[in-house]
Amino acid sequence: MTTSVLGSQALAYEWIKFRSVRSTVWTTVATALLPVLGAVFVATTGSLQSDDTVLGGSLTLSVVAQMLAAVVGALVMTGEYSSGTIRTTFAARPRRSTVLAAKAALVAGVMYVLALASCTLAYLLGDALLPEGRYAQGDPLPALFGIAASFAVAAVLGLAVGTLVRHSAGAVTTVIGLLLLPSLFGPLFGDAERWIAGLSPTAALEKLIQTSDAADTVGSLGPWPSLLLVAAYTTALALGALVLLRRRDV
C-alpha cells in the first residue's frame, strides 16, 4: 500500500477511537460550548470592561476552552495507555510515526473546525447582545482563523505531552502547567516578563482575541508571531515525543 493510503487508514482508525471514548467526546463538547456560553454570560451580565472589544468580551472563556483542547490532545494518547489498547494500535500499525501523525492530524483538525465554528458563533452572539456602539468592535478577521489555529496547536501540544508522560493525570497537569506557568512566573524575570509570559499558548490566544489586558501581560510579540513561536516549539516537542515513542517499549 502507498503511504497516503496507510495514512488515511490510520486517520480513520483514530477517528473511530476518538468518538468511542466518552471522556474525550465530552471534553471536546465542553471545548466547543464554553466560548458560546461565555459570550452569552458576558453580554447578559454587562461585565465587559469599557476599554475591551466586542471580540475580546465575547471570547472571554476561550482561554479555558483552549485548555480543554490541550486536555483532549493529551487524553487521545494517554487513554490508550490506560486502557491497554496502545498495544493493539502498535500491532496494527507498527510504524509509530504514522500513529502519532494520524493522532496529531485528527486532534488538530477537529479542534480547528470546532473552535472556528464555536468562536465565530460566540462573536456573533456577543455582537448581537451587547449594546450597539458602546464598545470597540475589534477585528474578527483574520483573527478568528488564528484563534482556531491556537486551539489546534494547543491540542497537538497536549498530544505531545501525553506521549511523553503516558499517564492521564500527569499529562493533564503538565499541559495545563505549560499553558499557565509562563504568565504566572513571568513577573519573576523582571524586564523579560513580557517575553516569558508571551511564550504561553494562552498569551497568543489573548492577543488574537484582542482582550484589553493582553498588551500589558502577555509579552512583546504581536499575535501572529506569538502564535508561530508557540507552533514552532510545539512541533519541536512533538518531534521529541516521536523519538521517545520509537525507543520505548509499550
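**Figure 1. Helix 4 meets helix 6.** In this predicted model, the axes of helix 4 (residues 62–83) and helix 6 (residues 96–129) come within 10 Å, crossing at roughly 150°. Angles over 145 degrees count as roughly antiparallel, so that is how helix 4 runs relative to helix 6. The crossing of the two helices is right-handed. On the helix 4 side, the contact is made by Ala69, Val72, Gly73, Val76, Met77 and Glu80. Helix 6 answers with Leu100, Lys103, Val107 and Met111. Sorted by type, the residues of this contact of helix 4 with helix 6 come to 7 nonpolar, 1 polar and 2 charged.

**Figure 2. Met67, a buried residue of helix 4.** Stay with helix 4 for this view, since Met67 has its place there. Is Met67 buried or exposed? The relative accessible area of Met67 is 15%, and buried means under 20%, so Met67 is buried. Leaving aside neighbours within four places in sequence, Met67 is in contact with Leu179, Leu180 and Thr202. Have a look at Leu178 as well: 111 residues separate Met67 and Leu178 along the chain, yet their C-alpha atoms are 10.0 Å apart.

**Figure 3. Thr27 of helix 2 and its contacts.** Thr27 is found in helix 2 (residues 22–45). With a relative accessible area of 16%, Thr27 is buried. Which residues does Thr27 touch, not counting those up to four places away in sequence? They are Leu68, Val71, Val72 and Leu75. One of these, Val72, also takes part in the contact of helix 4 with helix 6.

**Figure 4. Helix 7 from end to end.** Helix 7 covers residues 140–165. At 1.5 Å a residue, its 26 residues should span 38 Å, and the end C-alpha atoms lie 37 Å apart, which agrees. How many of the 26 residues of helix 7 are buried? The count is 20, so helix 7 is largely enclosed by the rest of the structure. Just after helix 7 comes Arg166, whose phi is positive, near 75°.

**Figure 5. Helix 7 packs along helix 12.** Here helix 7 and helix 12 (residues 223–247) pack at an angle of about 25°, and their axes are 9 Å apart. Because angles under 35 degrees count as roughly parallel, helix 7 is described as roughly parallel to helix 12. Helix 7 passes helix 12 in a left-handed crossing. To follow the contact on helix 7, pick out Pro142, Ala143, Gly146, Ala149, Ser150, Val153, Val156, Leu157, Ala160, Val161, Thr163 and Leu164. Their counterparts on helix 12 are Trp224, Leu227, Val230, Ala231, Thr234, Leu237, Ala238, Gly240, Ala241, Leu244 and Leu245. What kinds of residues make up the contact of helix 7 with helix 12? There are 18 nonpolar, 5 polar and no charged residues in it.

**Figure 6. Helix 12 and what covers it.** The 25 residues of helix 12 should span 36 Å at 1.5 Å a residue; the end C-alpha atoms are 37 Å apart, in agreement. Buried residues in helix 12 are Ser226, Leu227, Val230, Thr234, Ala241, Leu242 and Leu245. Which helices are included in what covers these buried residues? Among them are helix 4, helix 5 (85–92), helix 6, helix 7 and helix 10 (201–208).

**Figure 7. Helix 10 against helix 12.** The axes of helix 10 and helix 12 come within 9 Å and cross at roughly 155°. The two helices are therefore roughly antiparallel to each other. Helix 10 passes helix 12 in a left-handed crossing. Pro201, Ala204, Lys207 and Leu208 of helix 10 make the contact, together with Pro223, Trp224, Ser226, Leu227, Val230 and Tyr233 of helix 12. By type, the contact of helix 10 with helix 12 holds 8 nonpolar residues, 1 polar and 1 charged.

**Figure 8. The whole protein chain, for orientation.** Stepping back from the close-ups, the protein chain has 12 helices and 0 strands. Of its 250 residues, 46% count as buried. Among contacts in the chain with a separation of 6 or more, 77% come from residues 24 or more positions apart.

Methods
Residues numbered from 1 in each chain as written. Predicted model: local features only at pLDDT ≥ 70, side-chain atom pairs only at ≥ 80, totals over all residues. Heavy atoms only, no water. Axes fitted to C-alpha atoms, helices over the stretch in contact; angles between N-to-C directions. Helix = DSSP H or I, 4+ residues; strand = E, 2+ residues; numbered from the N terminus. Parallel < 35°, antiparallel > 145°, perpendicular 65-115°, else oblique. Left-handed = near helix turned anticlockwise from the far one by under 90°. Contact = heavy atoms within 4.5 Å. Nonpolar A, V, L, I, M, F, W, Y, C, P; charged D, E, K, R; others polar. Expected span 1.5 Å × (residues − 1). Buried < 20%, exposed > 50% of the residue type's maximum accessible area, 1.4 Å probe, protein only.
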